[in-house]
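Dear colleague,

I am handing over the structure we spoke about, and it is shown just below. Please have it open while you read the notes that come after it.

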Amino acid sequence: MAHLTQDPANKERFICIYPVYINSKKTLAEGRRIPTEKAVENPSCAEIKDVLTAAGMNVYTENKMHPRDSNRDVQFKGRVRVQIKQSDGSLCQEKFDSRKTIMIYVADMIPKLKTRTQKSGGGDSSSQQGEGGKKSKKKKK
């Protein structure tokens with residue numbers, strides 16, 4: 001599966017999703033592409049990748065910055081490439097027929113991730129992680 005990125009014909013079937021596209025803290029002018037009420041607060045590349053991988057999509061990340069993103073923080077760096085079409089032009093999954101349906105699905109699923117649900121619990125045992133805890137590495141305690 002790692003060789004898919006090398007073939008230019010395959011690369012055309014992969015779409016880019018930057019975290020800024022689904023960030024509720026951004027304006028349309030700053031690059032948000034879905035309505036604020038459907039967007040999620042400060043998503044990371046790792047979270048987007050986790051959600052799409054769990055949905056059975058073929059994804060990989062690239063270390064690129066969105067042109068309009070002024071935040072140079074490593075946490076928000078990167079973009080996710082997602083394959084939505086097969087080599088014959090058919091959809092990989094019927095429920096993901098466009099870039100927008102994928103973005104809305106991801107924004108809907110990120111708040112349900114374990115890394116997000118644990119944080120919203122207040123100052124419990126995960127409080128020592130601080131701001132560095134958004135790397136989306138799943139730790140078993």
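What follows is an account of the sheet, the helices that pack on it, the nonpolar core and a few side chains.

Please keep in mind throughout that this is a predicted model.

I begin with the sheet, which is open and has three strands in the order β1-β3-β2, paired in antiparallel fashion. β1 and β2 (59–62) stand at the edges with a single partner strand each, so one side of each has no neighbour in the sheet. On average, and with direction ignored, neighbouring strands of this sheet are turned by 30° against each other. The antiparallel strands β1 and β3 are joined by four bridges, and Ile15 has Val82 in β3 as its bridge partner. α3 packs on the sheet, where it touches β1 and β3, and its direction makes about 45° with that of β1. The other helix to look at here is α2, which lies across β1, β2 and β3 and runs at about 15° to β3.

These elements meet again in the core. The largest nonpolar core has 26 residues, of which Ile22, Leu52, Met57, Val82 and Ile102 touch the most other members. At least two residues of this core come from each of β1 (14–17), α2 (45–54), β3 (79–83) and α3 (99–109). Val82 is a useful residue to centre the view on, and if its neighbours within four places in sequence are left aside, its contacts are Arg13, Phe14, Ile15, Ile17, Leu52, Met57, Asn58, Val59 and Ile102.

Which residue of helix α2 deserves a separate look? I would suggest Glu47, which is found in that helix and is buried, with a relative accessible area of 2%. Glu47 and Ala107 are 60 residues apart in sequence, while their C-alpha atoms are 9.8 Å apart in space.

Finally, the aromatic residues. The structure holds three aromatic pairs, and one of them is formed by Tyr18 and Tyr21, whose rings are edge-to-face at 5.5 Å centre to centre, with 70° between the planes. Tyr18 counts as buried at 9% relative accessibility, and Tyr21 is buried as well, with a relative accessible area of 6%, because buried here means under 20%. The ring of Tyr21 also has the charged end of Arg33 sitting over it, 4.1 Å from the ring centre.

With best wishes

Conventions
Residues numbered from 1 in each chain as written. Predicted model: local features only at pLDDT ≥ 70, side-chain atom pairs only at ≥ 80, totals over all residues. Heavy atoms only, no water. Core = buried A, V, L, I, M, F, W, Y, C linked by side-chain atoms within 4.5 Å. Buried < 20%, exposed > 50% of the residue type's maximum accessible area, 1.4 Å probe, protein only. Contact = heavy atoms within 4.5 Å. Pairing = 2+ DSSP bridges. Axes fitted to C-alpha atoms, helices over the stretch in contact; angles between N-to-C directions. Phe/Tyr/Trp six-rings, centres within 6.5 Å; stacked < 30°, edge-to-face > 60°. Lys NZ or Arg CZ within 6 Å of the ring centre and 35° of its normal.
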